[in-house]
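Me: I've got a new structure to get my head around. Please take me through it bit by bit, and spell out the jargon as we go.

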Amino acid sequence: MLQTTRQYTRTALMAAEVVLKEMAVDSFIMFTIVIQPLIIALLGLWMLRDRPDAAIYVVVGSGMSGLWSSMVFISGNSINAERWTGTLEMLVAMPTPLYVVTAGRNLAHVMQSLLSMIAAYAVASLFMGYALDIDHPLLFIPSLFFTVVAFISFGLIMAPIFILSPAVDQFKNGLEFPIFVLCGFLFPIALLPEWTTPFSYLLTPYWAARALHESAHGGGDVGVVLASWAILLLSTVIYVAVSRRLFRVILRRVREDGTLGLA
Amino acid sequence: MSIAIEVQNLRRVYRASTSILGREKKEIVAVSDVSFDIKQGELFGLLGPNGAGKTTTVKMLATLLIPTSGTATIAGYDVVHQAQKVRESIGFIFGGERGLYWRLSGEDNLRYFASLYRLDPSEAKKRIPYLIELVGLKGRENEKIEGYSRGMKQRLHIARTLLHDPDILFLDEPTIGLDPVGARELRSIVRDLQSEKKTILLTTHYMFEADALCDRIGVIKHGEIVALDTPQNLKQGVQDLSVIEMEVYGIGSEVLDKLRAQPHVDSVSLEDREQKQALVIQSSHGSEIVQDVINNLNGYRVERVVVREPTLEDAYVRLVGG
């Protein structure tokens, strides 16, 4: 058991290393995770130029947008890229379960997209002169950790769906912006119509955004942050359990349908 | 000698949608009914024309496709219900350049796959340099493989599939697209694996390759095995034939039909070779019909005529039709 866990951890980290090496030379990916969130951050900072206290909200929000774009676009794209290059079949036929590899890949996507938060932070503080103090660093750092874990597990739910068929890939475009809005990455969901609120509550990224915003810029209400952590943890456990089952069912289905490869 | 691979009545049907909404489905039978056994340490060849079901059969054995019906066991493990055990026991190559991470170096590819094959890092550290040396990639292992030639990628695939030292190997057209030198080097590696008593299932289009390497050959046509024997015995099956080869120019299908209708002509095939064409006629009457054939080619330029003994390719052509 311990040996298997060690082996799986090693493989997941190796998968993360492979992704990081491959992505470092891909300009589309660098745009998605660094430049696009930076543009969002600059627009947000310009729109809120009269409210310097909101700058950290924008920086954290743009970082979250990078995180989500990375999850939706790059996770989906990378699975289809593996299908095109024939490596998806290789991965499925390996003794290591595919969810282990996917977890490692998601870790790499999340780590890399955190770059966008750092880039936005650097631009706002170094070039635009904002004082970007994080109000409650002791709450912010664990919030960031729970966010990363929750996004990795959320990616574990999405990956098997992308494996199902190349056609699923077409729907990912529609998943990006609604989540930016519904999860309050860039402005509080209180500004949205009331009927949208239940949808926000169902989405893990909303709780991640809430924990990060509250600890970085909000009142630092410990109750709100702790509740967000609890929901993030609970959703992580649920996502991991569901994804294991989903991987089993979908991998069986694609082996029945013969849609793993292209030939 | 015990059985390493046992295949019984394997069948695979694909369902393809034929309408825009995908409600109408058409069934395509890729493998109709395939049965064979491969003994431990045997090199078994699976030959057949494009679309005959070779790759589909290999993919079912490698656990990438679930058979529609029938059973297959690898090292005693069922390919559907014990897929994980099967994956630990086998190595596989699908011909061509796909299946590698092009932006990584050869060594990084092997490190990643070693991890996926659950090799201990200390074991991988010893095994990777050994395999790089074995497949002749020493000195190039740190280059990104997008700069590798096709032959180098194919050799890297061989190294990848040997990482966990499996006893059973599936090699699906491993020499496809390689230049003659590359193909010869790869065949030499396969021979070495054979001498190590690996059980190998090889699919190929190249008859001389199958003849030179395989202990037994199964010929597959329209998803069914139409012949299964040693290369020698398959050739014996066409010993009654002679083969007439002619270099010709500008021959069309109507001429081929005319030749096929001639008495004592068993089969006729035509192959384009740059500007020339190679006309191959199998006949039990050999040189006796050469003049009749030439008479039927009146008006066409004919060069070099050779009458020779049949080869495995001739046996294959008779079995799959030509």
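**Working through the two chains**

Me: Let's start with one lysine: is K235(B) buried or exposed?

Reply: Look at its relative accessible area, which is 14%. The cut-offs are these: buried means under 20% relative accessible area, exposed means over 50%, and partly exposed is in between (1.4 Å probe, protein chains only). So K235(B), at 14%, is buried.

Me: What kind of model is this?

Reply: Residues are numbered from 1 along each chain as its sequence is written, chains are lettered from A and ligands numbered from 1 in the order in which they are written, and side-chain values use heavy atoms, with hydrogens and water left out. Local features need pLDDT of at least 70, side-chain atom pairs count only at pLDDT 80 or more, and totals for chains, interfaces and linings use all residues, since this is a predicted model.

Me: Back to K235(B): which residue does its side chain meet in a salt bridge?

Reply: A salt bridge here is a side-chain nitrogen of Lys or Arg within 4 Å of a carboxyl oxygen of Asp or Glu. The N to O distance in this pair is 3.0 Å. K235(B) sits in helix α8 (residues 231–236) and its partner in helix α7 (residues 207–213) of chain B, 24 residues apart (helices are DSSP runs of H or I, at least four residues, strands are runs of E, at least two, and both are numbered from the N terminus). The partner, partly exposed at 28% relative accessibility, is D211(B).

Me: D165(B) and K198(B) also meet in a salt bridge, so how many residues apart in sequence are the parts they tie together?

Reply: Their side chains come to 2.5 Å, N to O. D165(B) is partly exposed at 40%, whereas K198(B) is buried at 5%. D165(B) is in the loop between α5 and β7 (168–172), and K198(B) is in the loop between α6 (180–195) and β8 (199–204) of chain B, so the parts tied together are apart in sequence by 33 residues.

Me: Which residue of chain B forms a salt bridge with E89(A)?

Reply: This pair crosses between chains, starting from helix α4 (residues 87–92) of chain A and ending in helix α1 (residues 54–61) of chain B. E89(A) counts as buried at 9% relative accessibility, and K59(B) also counts as buried at 9%. With the closest N and O atoms 2.9 Å apart, the partner is K59(B).

Me: What area do chain B and chain A bury between them?

Reply: Buried area is the accessible area (1.4 Å probe) that two parts lose on being put together, summed over both. Carbon and sulfur atoms carry 55% of it, and the total is about 3,400 Å².

Me: In chain B, which residues lose the most area to chain A?

Reply: The contact (heavy atoms within 4.5 Å) takes 35 residues from chain B and 36 from chain A. Together, the top losers make up 19% of what the chain B side buries, and they are R103(B), Y112(B) and R118(B).

Me: How many salt bridges does the rule find across this interface?

Reply: One of them joins R111(B) and E17(A) at 3.3 Å, N to O. Those residues also belong to a network of salt bridges with K21(A) and D108(B). Across the interface, the count is 3.

Me: R118(B) turned up a moment ago, so what is its phi?

Reply: R118(B) lies in the loop between α3 and α4 (121–134) of chain B. Its relative accessible area is 22%, so R118(B) is partly exposed. The phi is a positive value in a residue other than glycine, near 65°.

Me: Which backbone oxygen does the side chain of S228(A) reach?

Reply: S228(A) lies in helix α10 (residues 222–257) of chain A. At 0% relative accessibility, S228(A) counts as buried. Leaving aside neighbours within four places in sequence, S228(A) is in contact with W207(A), R210(A) and A211(A). At 2.9 Å, its side chain reaches the backbone oxygen of V224(A).

Me: Last one: how far apart in space are A209(A) and G184(A)?

Reply: A209(A) is in helix α9 (residues 204–216) of chain A, and at 1% relative accessibility A209(A) counts as buried. G184(A), just after α7(A), takes a positive phi of about 70°. The two are 25 residues apart in sequence, but in space, C-alpha to C-alpha, they are apart by 6.7 Å.

Terms used:
Polar contact = N/O pair within 3.5 Å; in protein donor to acceptor, adjacent residues only side chain to side chain.
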